[in-house]
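Work through these exercises with the structure open beside you. Try each task before you read its solution.

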Amino acid sequence: MVSEEKKLKLQDLIDEMPLPQVDSERIESVGIIGGGIMGTGIAQASSQAGLDVIIVEKDEVSSERSRKMLSEAMDREIQRWGMTISEKKAILQRIRWTTDISEVSECDIIIEAVDEDLNLKREIFRKLDRICPPDTIFVSNTSTLSLSKIADGTSRADKTIGMHFLNPVPKIPVVEIVRGIETSDETTKIARGFAKKLGKTAVEVFEYPGFITTRVIIPFLNEAMHILMEGLATAEGIDTATKLGYNLPIGPLELADSMGLDEILAWMETLWHELGEPRYRPCPLLRKYVREGKLGKKTGEGFFKYDSHGRKIIESK
Amino acid sequence: MKVLVLNCGSSSVKYQFINTENKLVLSKGSIESIGSSSAILTHQRYDGDTIKITGEILDHDLAIEYVIAVLLSKNHGVIKDRSEIEAVGHRVVHGGEDFSGSVLITDTVIQTLRENIELAPLHNPPNIKGIVACLKHLPDVPMVGVFDTAFHQKMPPRAFLYGIPYLLYKRYKIRRYGFHGTSHLYVSKRAAELLGKAYDSIKIISCHLGNGCSIAAIDRGISIDTSMGFTPLEGLLMGTRCGDLDPSIPLHVMAKEDLTLAEVNTMLNKHSGLMGISGVSNDMRELIKTMNEGNERSRLAFEVFCYRIKKYFGAYIAALGGLDAIVFTGGIGENSFEVRKEVLTNLEFLGIELDDEKNLIQNGDRIISKDSSKVKVFVIPTNEELVIALETAQIVSELRKEMSNKS
């Protein structure tokens with residue numbers, strides 16, 4: 001009696017195919033340009049929310065590296081009981097890597113998450129502008145660059161918006177939504193909806209270098225570096241006092257190490273140039289570390305030393 | 001009465017269409033992966049005719065429409081017109097303190113359900129979506145909400161209050177609610193029937209041992225205590241959930257392992273229980289297999305699981321002040337004679353005598369205690385859908401009576 005009818009379609013059940021309540025703001029698929037830490041983080045958060053994701057990388061080697069990075073990041077989560085193996089599988093199932101940027105043209109929203117390089121970002125947005133339907137929303141994950149400049153040269157400055165996610169994206173529950181001069185209310189609404197779908201609290205901010213989170217944290221980190229350079233206290237002492245004194249989960253120097261000292265230097269240079277305020281002048285010690293290739297956790301050494309799992313090595317005196 | 005029973009989850013809708021007069025399931029099925037382009041509709045008719053279709057179903061509203069459509073389908077359906085669906089019964093996970101029984105769904109009820117979302121943020125929203133979709137597609141059909149928590153709502157404050165500041169109960173409704181209520185109600189009632197005694201005259205302990213596990217003390221028809229609490233995490237050991245725990249353990253582990261709230265939540269819900277202790281599996285069958293092959297951690301998990309149930313027996317027999325029957329249900333409760341044996345061993349002094357041979361028989365509603373056993377032990381496969389259908393039919397017929405009296 002069991003009849004497995006493979007050819008039967010859903011439409012056959014209902015005379016007139018009912019349309020779901022058409023919702024133009026509905027986002028089902030996400031294209032991500034750049035599969036680095038931020039790109040894979042946004043990919044994981046999107047996939048966890050049930051969205052299909054395509055990550056574009058420049059070549060096969062980078063694609064593979066990106067895939068491995070995400071897989072290992074989730075393995076670490078499984079180890080610390082934050083995720084199960086089947087959840088990891090489900091997340092990876094919805095993410096696809098490609099080297100062909102035109103494959104994202106069908107996505108509902110496209111997020112650029114490449115290095116903080118204005119020309120590179122502009123080039124990507126111009127290319128996307130040519131291959132995507134006119135309604136597709138473009139998002140930049142920049143933390144310091146001008147959104148209007150990035151969107152310049154595309155035909156859709158009104159549909160371009162910034163969404164500044166913070167690392168690690170799957171865990172940090174906030175995103176800054178950055179409106180450029182021409183960003184429309186409609187686009188902002190869609191970006192807000194997308195943030196909500198990812199389970200993030202959205203904070204709206206107008207375009208201005210550094211937005212909120214970067215502006216607030218940079219002088220704080222820089223000051224800690226100055227204290228170290230001036231020899232007032234050891235790195236351990238500075239972190240311990242700040243952490244315990246203000247009930248913070250992590251001290252400023254370890255935080256800087258985990259963000260990447262080269263990244264911080266780049267942000268500071270931009271803020272300093274853009275705003276001309278001396279409080280954004282990078283501490284010479286930061287320059288020195290970056291010059292020496294001590295970039296923090298990712299290289300195993302910054303203000304502190306780290307083991308291969310990224311755990312701080314506590315040196316006995 | 002022909003009742004459509006719906007169980008709407010976050011990305012699935014399960015349904016059964018039941019004729020309550022003869023308790024026949026006319027058809028049943030499910031839609032999985034709602035919200036994706038590869039949703040799967042599976043539908044089975046009473047005569048065995050089965051179909052499976054894959055396609056795009058983006059929301060619960062559409063899913064409900066497909067459920068109705070497949071019931072109406074010429075080749076695979078069971079009805080000719082929508083009006084043959086006489087009532088809809090919804091499984092609702094959390095009724096909070098507002099519902100101690102099943103209710104006819106009205107706008108006020110929907111509003112109350114919305115107010116209770118905070119208590120079951122994962123479950124109540126899809127339940128509400130299903131209700132709203134039915135309002136749209138079956139506007140004239142009466143609907144009834146049957147709650148997982150309702151059966152336990154009559155337990156006294158001494159059983160439902162926790163030893164924390166009373167203010168927290170007042171402010172956030174933090175208290176024991178208990179779950180699996182529909183299942184505990186069904187199997188305990190059925191046990192009374194099999195005993196040939198009035199439900200409101202006997203004392204029963206019922207064990208729902210499935211993916212989630214809970215145990216309830218039922219005194220003359222009223223659940224006076226149950227092991228699941230504010231959430232389904234408390235009480236017995238489960239597949240991947242920890243059950244009872246010293247509350248300072250999560251705090252200690254969070255500090256030691258530098259875990260966030262979300263991580264410790266996942267640890268307790270998904271990496272604990274049988275899986276956490278054994279490191280082998282959350283499936284009791286797999287666990288018993290590896291245990292018999294000599295895996296010590298599997299044995300430990302099995303023992304912790306059974307010991308905890310036994311400990312609750314002691315507690316609930318004392319709370320009830322006596323006992324007439326024990327009932328096992330749920331996947332493990334119905335199928336694992338090993339668990340039942342381990343749990344019931346050495347309880348003869350309480351008048352509980354397991355019949356080892358009867359315990360091995362795996363079929364339908366059955367008694368597994370010796371004839372001489374003072375306390376009767378039953379295995380009764382649970383049937384939550386049928387309870388929902390019967391409750392729905394009862395409330396709707398009362399409603400009809402009222403209506404006809406008025407007119």
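Two strands pair if DSSP finds at least two bridges between them. The model used here is predicted.

**Exercise 1. Find how strand 9 and strand 12 of chain B pair, and over how many bridges.**

Step 1. Locate the strands: strand 9 covers residues 203-209 of chain B, and strand 12 covers residues 325-329 of chain B.
Step 2. Count the bridges. There are five, and the pairing is parallel.
Step 3. Apply the cut-off. At least two bridges are needed, so strand 9 and strand 12 of chain B, with five bridges, count as a pair.
Step 4. Check one bridge: Ile204(B) is partnered by Ala325(B) in strand 12 of chain B.

**Exercise 2. Place that pair in its sheet and name the edge strands of chain B.**

Step 1. Write the strand order in chain B: 11-10-9-12-14-13. This is an open sheet of six strands with mixed pairing.
Step 2. Look at the ends. Strand 11 (222-226) and strand 13 (366-367) of chain B are the edge strands, each pairing on one side only.

**Exercise 3. Describe the sheet of chain A, its edges and its twist.**

Step 1. Chain A has an open sheet of eight strands, in the order 3-2-1-4-5-6-7-8, and its pairing is mixed.
Step 2. Strand 3 (95-98) and strand 8 (201-206) of chain A have a single partner strand each, so each has one side without a neighbour in the sheet.
Step 3. From one strand to the next, the twist averages 25 degrees.
Step 4. Take one pair. Strand 1 (residues 29-33) and strand 2 (residues 52-56) of chain A run parallel and share five bridges. One of the partnerships links Ile33(A) with Val56(A) in strand 2 of chain A.

**Exercise 4. Which strands of chain A do helix 2 and helix 7 of chain A meet?**

Step 1. Helix 2 (residues 37-48) of chain A packs on the sheet and touches strand 1, strand 2, strand 3, strand 4 and strand 6 of chain A. Its direction makes about 170 degrees with that of strand 2 of chain A.
Step 2. Helix 7 (residues 185-197) of chain A lies across strand 4, strand 5, strand 6, strand 7 and strand 8 of chain A. Helix 7 runs at about 170 degrees to strand 7 of chain A.

**Exercise 5. Test chain A against the radius of gyration of a compact globule.**

Step 1. For 317 residues, the expected value is near 20 Å.
Step 2. Chain A has 22 Å, which agrees.
Step 3. Add the burial: 38% of the 317 residues in chain A are buried.

How values were computed
Residues numbered from 1 in each chain as written. Chains lettered and ligands numbered in written order. Predicted model: local features only at pLDDT ≥ 70, side-chain atom pairs only at ≥ 80, totals over all residues. Rg over C-alpha atoms; globule rule 2.2 N^0.38 Å. Buried ≥ 20, exposed ≤ 12 C-beta atoms within 10 Å, placed from the backbone. Helix = DSSP H or I, 4+ residues; strand = E, 2+ residues; numbered from the N terminus. Axes fitted to C-alpha atoms, helices over the stretch in contact; angles between N-to-C directions. Contact = placed C-beta atoms within 7 Å.
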